[in-house]
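Please consider the structure shown below. The paragraphs that follow lead the reader through it.

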Amino acid sequence: MQRAKAAGAGTVIGAVGGPAKAAAAAGFGADVVVDYTADDWAAQVKQATGGRGADIALDAIGGAIGAKALEAIANGGGKFGLYGFTSGDWVPLDAHQIGRRGLTVVGVLGITFAKPVEEQRADVRRALEAAAVGQLVPRVHGTFPLDKAADAHTALEGRASVGAILLTP
């Protein structure tokens, strides 16, 4: 969200699970926050975009939540970037629906790694420069010593974390 706003994105919508994550998304620059535990959250996205739907959705969760994100994308040019499946399942993709709606589906990491090395380095440089001047601020939920990695996994699995979980030696 921070980088989207810094790059000049119009309305940035954060889809999150629960009030703590909603507050974090707002703090990271989301103009609108929807709770994906609500059945109608895709409709809320459409409402927030004047009925059009989101131009871009980035999904790391997959499963039913990812399917709702796909539903929330604008027809005729919307883009869906998938880069994970923390739900345990990838988003079920229906080629007929994607083609009929005029959507583009991309694997975010595939795009990154398809770039020449120099472009990848330039992207990293820009991100580090943004962090150095406070435009990109990471949120760390907690740090765990390596011998407590199971506790870190429990926090992740229980969706209790808001931000990164770091393992330390």
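**Salt bridges, strands and surface**

Across the whole structure, a search finds four salt bridges. The model is a predicted one, and the values given here are computed from it.

Helix α7, which spans residues 117-132, is a suitable place to begin. Glu118 forms a salt bridge with Arg121, their closest N and O atoms lying 2.9 Å apart. Because these residues are three apart in α7, about one helical turn separates Glu118 and Arg121. Such spacing has a general basis: an α-helix has 3.6 residues a turn, so residues three or four places apart point the same way. Arg121 is partly exposed, its relative accessible area being 46%.

A further salt bridge joins the side chains of Arg126 and Asp123, with an N to O distance of 2.4 Å. Both residues belong to helix α7 and are three residues apart, about one turn of the helix. Salt bridges with shared partners connect Lys115, Asp123 and Arg126 into one network. Arg126 counts as partly exposed at 45% relative accessibility, and Asp123 counts as partly exposed at 26%.

Elsewhere in the sequence, Arg52 and Asp55 form a salt bridge whose closest N and O atoms are 2.7 Å apart. Arg52 has 44% relative accessibility and is therefore partly exposed; Asp55, at 44%, is also partly exposed.

The account now turns to the strands. Strand β1 (residues 13-16) and strand β2 (residues 32-35) run parallel and are joined by four bridges. Within this pairing, Ala15 stands opposite Val34 in β2. Together with helix α2 (residues 19-27), β1 and β2 make a right-handed β-α-β unit.

Which residues of α2 are buried? They are Lys21, Ala24 and Ala25. Seen down the axis of α2, these buried residues fall within an arc of 100°, so they line one face of the helix. The face turned away from the buried side of α2 carries the exposed residues Pro19, Ala23 and Gly27.

On the surface, Ile56, Leu58, Tyr83, Leu109 and Phe113 make a nonpolar patch of about 580 Å². The elements that give two or more residues to this patch are β3 (56-59) and α6 (108-114). Tyr83 is placed in the loop between β4 (79-82) and α5 (95-101), and at 44% relative accessibility Tyr83 counts as partly exposed.

Finally, Ala64 lies in helix α4 (residues 63-71). Its relative accessible area is 63%, so Ala64 is exposed. Ala64 and Pro92 are 28 residues apart in sequence, while their C-alpha atoms are 8.4 Å apart in space.

Conventions:
Residues are numbered from 1 along each chain as its sequence is written. This is a predicted model: local features need pLDDT of at least 70, side-chain atom pairs count only at pLDDT 80 or more; totals for chains, interfaces and linings use all residues. Side-chain values use heavy atoms; hydrogens and water are left out. Patches are made of residues with over 30% relative accessible area and no salt bridge: like charges are joined within 9 Å, nonpolar side chains (Val, Leu, Ile, Met, Phe, Trp, Tyr) within 5 Å. Accessible areas come from the Shrake-Rupley method with a 1.4 Å probe; for residues, only the protein chains shown count as cover. Buried means under 20% relative accessible area, exposed over 50%, partly exposed in between (1.4 Å probe, protein chains only). Two strands pair if DSSP finds at least two bridges between them. A crossover is right-handed if, with the strands pointing away from the viewer, the path from the first strand over the helix to the second runs clockwise. The arc is that of the directions from the helix axis to the C-beta atoms.
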